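Here's a walk through one protein chain, written for someone who'd rather look at the model than at a pile of numbers. Keep the viewer open as you read.

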Amino acid sequence: MKKLVVSVGIIALGSSVLHALETGALNAQQSKKAWSVSASLRGFYDDNFNSQPNGSKQSSTGVEIRPTVDFGVAGDQSSFNVGYDFTARYFEKAVNGSSDHSDFTHQFNADATHAVSERVKLNASESFVVGQEPDLQRGTIDNPQRISGDNVRNYASVGANIQATSLVGFGVSYNNTLVDYEDDFSIISPNTNPTNIISQSALLDRIEHSVNLDSRWTISPQTVGILGVSFSRTEFTRENEFIDSRYVGTNTVPFATNLVQTTSSSRDSRSFVLKGGFEHEFSSQLSGLFLIGGQRTEYPNKANSEAKWTPWVQTSLDYQYQERTKLSVGFSHQRGATDVVAAQANATTVDFVLDSKVSSFYATLSHEITAHLTGSASARYQSSTYNGGSVNGQKENFLLLGLGLAYEFNPNFEGNIGYNFDDLSSDAAGRNYTRNKFYVGVTAKY
């Protein structure tokens, strides 16, 4: 792992929300004590553990060990919770044709809240992941393939909210996302030579900054209206590495002056989002968030590019039927990074994929089937439309499905069985794949 960036943040909430976070941040094992630990041992079968295109699939059995630890304290004004999750997998076959049979994933999360006064509420959050699987890297999946190495995603936020009156509140927050792939070897030959090696770092290493300003208007005890703006900037950190290199023009014999080399920083962008909507509590069991708006994006380092307006959406619904029965669904639409370049040359310039428009839907369900048996299901569907290059306007769809059963032998020991399915369907050549994963194991917790 080349670098580690850990940042913290503060997001404002009303006193009732603060109280909910103070208790809600703690898991079931922390209801009577500050700390909790668990450990899982699983055997698995994966029919495409390298997430390769369907013609190159390889299967493997393996063993997974996963210990976790959480520590949290809730107080009258302040609360915090920190957690660490480590996953080690051993595959029967070597990963990606190397001599390595192992994967290691680290996840660190931290949350803290503090009530400065009845009118000023603060919150800090941090989420750090080192891993190989795309669904662990971040909310919007920028590369749906499994990537070997210590690939880093760090997300944090900082902000504050002031409840000016009983009806009107204002909030400001800063969010930061770091993406850093271990693969940092990048060589590009002109298009007269078919040998091109582009690193994931050149394609995706970046820092995203976002500042959010929101006003919250109490319409009724159950409804809060929201009007806000967001300003964001994406900076690709491998600014001197190439993502494409080719000759332009129609010369039979290319000259050096005809060579256009596109660097990572050519994809830098700035965005402005204007949004509005509301939060609503339909009942004591059902609540939702609905925000819609427009996103204006410009690319300062791309010659002859124009600013683009696209719809922006963020919605979610949470339904808590019983203590162990909960349904959550959500949908978002925004611009996001992509690992696809698909460059093409014309008479004077090279066109390439700048980013993509991403629509993402998720649903999670946990249900207590019997007193000791709990079922879970999850679904995530992401549809991306490329912006620029030879695949401009074409789509890529990524589906993740999961099913699981957990039988509780006693409060500290349970058995697990589950199935996961991944499907990538892309208009870009050489990317389509399917993946089936089965597992069975046991979990001890205290």
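What follows goes from the overall make-up to strand pairs, salt bridges, one loop residue and the cavities.

**The big picture**

Keep in mind that this is a predicted model. The chain has 22 strands and two helices. It runs to 446 residues, of which 43% count as buried. Take the contacts with a separation of 6 or more: 60% of them are between residues 24 or more positions apart.

**Strands β9, β12 and β13**

Let's begin with β12, residues 269-281, which pairs with β9, residues 223-236. The two are antiparallel, with twelve bridges between them. To find your place, look for serine 271 in β12, which sits opposite serine 232.

β12 also pairs with β13, residues 286-298, again antiparallel and over twelve bridges. Here the spot to click on is glutamate 279, whose bridge partner in β13 is leucine 289. Four residues make up the hairpin connection from β12 to β13.

**Strands β20, β21 and β22**

Further along the chain, β20 pairs with β21, residues 413-426, in the antiparallel sense, and this pair has 14 bridges. Glycine meets glycine here: glycine 404 has glycine 418 of β21 as its bridge partner. The hairpin between β20 and β21 takes two residues.

β21 then pairs with β22, antiparallel once more, over twelve bridges. Glutamate 414 finds its bridge partner, threonine 443, in β22. The hairpin of β21 and β22 has six residues between the strands, and in it glycine 430 takes a positive phi near 75°.

**Salt bridges**

How many salt bridges does a search of the whole structure find? The count is 20. Here are three of them, with the distance between the closest N and O atoms.

| Basic residue | Acidic residue | N to O distance |
|---|---|---|
| Arginine 435 | Aspartate 46 | 2.7 Å |
| Lysine 57 | Aspartate 47 | 3.4 Å |
| Arginine 324 | Glutamate 408 | 3.5 Å |

The salt bridge of arginine 435 with aspartate 46 has its N and O atoms 2.7 Å apart. That pair links distant parts of the chain, with arginine 435 in β22 (residues 433-445) and aspartate 46 in β1 (residues 35-46), 389 residues apart. Arginine 435 and aspartate 46 are both buried.

Next comes the salt bridge between lysine 57 and aspartate 47. Its two residues are ten apart, and each is in the loop between β1 and β2. Is lysine 57 buried or partly exposed? Lysine 57 counts as partly exposed because its relative accessible area is 30%, while aspartate 47 is at 14% and so counts as buried.

Now for the salt bridge of glutamate 408 with arginine 324. Glutamate 408 is in β20 (residues 395-410) and arginine 324 is in the loop between β14 and β15, so this pair ties together parts that are 84 residues apart in sequence. Glutamate 408 has a relative accessible area of 13% and is therefore buried. Arginine 324, at 34%, is partly exposed. Elsewhere, Arg42, Glu64 and Arg89 are joined into one network by salt bridges that share partners.

**A loop residue: alanine 307**

Alanine 307 sits in the loop between β13 and β14. Its relative accessibility is 37%, so alanine 307 counts as partly exposed. Which residues does alanine 307 touch, leaving aside those up to four places away in sequence? They are Arg296, Thr297 and Glu298. The C-alpha atoms of alanine 307 and threonine 297 are 5.4 Å apart, though ten residues separate the two along the chain.

**Cavities**

Rolling a probe the size of a water molecule over the atoms shows where empty space is left. In this model, the search turns up two cavities of 30 Å³ or more. The largest has a volume of about 110 Å³. Its lining has 14 residues, and those closest to the centre are Ile141, Asp142, Gln382, Ser384 and Glu396.

Three elements give two or more residues to that lining: β18 (353-368), β19 (373-388) and β20. The largest share, three residues, comes from β19. Sorted by class, the lining of the largest cavity has six nonpolar, four polar and four charged residues.

Technical notes: Residues are numbered from 1 along each chain as its sequence is written. This is a predicted model: local features need pLDDT of at least 70, side-chain atom pairs count only at pLDDT 80 or more; totals for chains, interfaces and linings use all residues. Side-chain values use heavy atoms; hydrogens and water are left out. Two strands pair if DSSP finds at least two bridges between them. A salt bridge is a side-chain nitrogen of Lys or Arg within 4 Å of a carboxyl oxygen of Asp or Glu. Buried means under 20% relative accessible area, exposed over 50%, partly exposed in between (1.4 Å probe, protein chains only). On a 1 Å grid over the protein atoms alone, a cavity is a set of points where a 1.4 Å probe fits but cannot get out, and a pocket is an open set with protein on both sides within 12 Å along at least five of seven lines; lining residues have an atom within 4 Å of a point. Grid points are joined across faces, edges and corners, and a volume is the space filled by probe spheres set on the points. Ala, Val, Leu, Ile, Met, Phe, Trp, Tyr, Cys and Pro count as nonpolar, Asp, Glu, Lys and Arg as charged, and the others, Gly among them, as polar. Contact means heavy atoms within 4.5 Å.
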